[in-house]
Amino acid sequence: MTEPMDATVGIPPAVTDETEAFWTAAKEGRLLVERCAACGAESFPPRGMCRSCRARTMVPTEIASRGRVYSFTVNHQRWLPELEVPYVIVLVEFAEHPGVRVVGRLRGCAPDDVSIGMEVEVGFEPGPGGFAIPSFVAVEDSSQASEMSEDGR
């Protein structure tokens with residue numbers, strides 16, 4: 001298991017009319033994406049306009065389900081002096097929200113143990129400027145967990 005990284009390092013996000021609902025929900029531990037009221041397409045990050053039909057009838061929609069790692073990278077570059085490396089950045093997709101992929105740091109898993117398709121839960125961590133930054137937490141494989149408890153290890 002990796003040690004927690006200090007996510008307060010960095011530049012605070014810029015809050016706009018389009019992103020305000022997202023950042024407010026993030027402080028409450030909720031992940032919001034946009035859904036178009038005209039065509040139903042969902043997208044992230046918020047930008048106030050549908051990527052499919054170009055309508056401006058976007059409504060916030062909460063993601064409450066687990067996701068799966070679509071892609072990832074292990075970062076070994078120390079971009080800031082306080083930044084602990086290595087760390088994993090994942091791109092996560094959600095079966096219940098087709099077309100939505102959210103990027104964030106992965107916690108609860110060593111960089112060598114990350115894999116495409118692994119299940120993750122949405123999480124948040126303190127970020128720069130007091131913002132809550134989306135991140136993801138690796139979900140322990142339930143079959144491995146039950147085997148371990150049966151073996152007593």
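Where is Ser65 found? Here are some notes on that and on the rest of the fold, bearing in mind that this is a predicted model.

1. Ser65 sits in the loop that links strand 3 (58-63) with strand 4 (67-75). Being in a loop doesn't put Ser65 out in the open here: its relative accessible area is 15%, so it counts as buried. Leaving aside residues up to four places away in sequence, Ser65 touches Phe94, Glu96, His97 and Val122.

2. Phe94 comes up again in the largest nonpolar core. That core has 24 residues, and Phe94, Leu106, Met118 and Phe136 are the ones that touch the most other members. The elements giving two or more residues to this core are helix 1 (20-27), strand 1 (31-36), strand 5 (87-94), strand 6 (97-107), strand 7 (119-126) and strand 8 (132-138). Strand 5 supplies the largest share, with 4 residues. As general background, nonpolar side chains in soluble globular proteins tend to be buried together.

3. Now the open sheet. It is made of 3 strands in the order 2-1-3, with antiparallel pairing. Strand 2 (42-43) and strand 3 are the edge strands, each pairing on one side only. Between strand 1 and strand 3 there are 6 bridges, again in the antiparallel sense. If you'd like a pair to look for, Val33 has Thr61 in strand 3 as its bridge partner.

4. Then there is the barrel. In this case 5 strands close up in the order 4-5-6-8-7, and the pairing is mixed. From one strand to the next, the twist averages 45 degrees. Strand 6 and strand 8 run parallel and are joined by 3 bridges. To find your way around there, look for Arg105, which stands opposite Ser135 in strand 8. Helix 1 packs on the sheet, where it touches strand 7 and strand 8, and its direction makes about 60 degrees with that of strand 8.

5. Last, the cysteines. How many disulfides does a search of the whole structure find? The count is 0. Take Cys50: the closest cysteine sulfur belongs to Cys39 and is 3.6 Å away, which is too far for a bond, because a disulfide needs the two sulfur atoms within 2.5 Å. Cys50 is buried, at 1% relative accessibility. Cys109 is buried as well, at 8% relative accessibility.

Note on methods:
Residues numbered from 1 in each chain as written. Predicted model: local features only at pLDDT ≥ 70, side-chain atom pairs only at ≥ 80, totals over all residues. Heavy atoms only, no water. Buried < 20%, exposed > 50% of the residue type's maximum accessible area, 1.4 Å probe, protein only. Contact = heavy atoms within 4.5 Å. Core = buried A, V, L, I, M, F, W, Y, C linked by side-chain atoms within 4.5 Å. Pairing = 2+ DSSP bridges. Axes fitted to C-alpha atoms, helices over the stretch in contact; angles between N-to-C directions.
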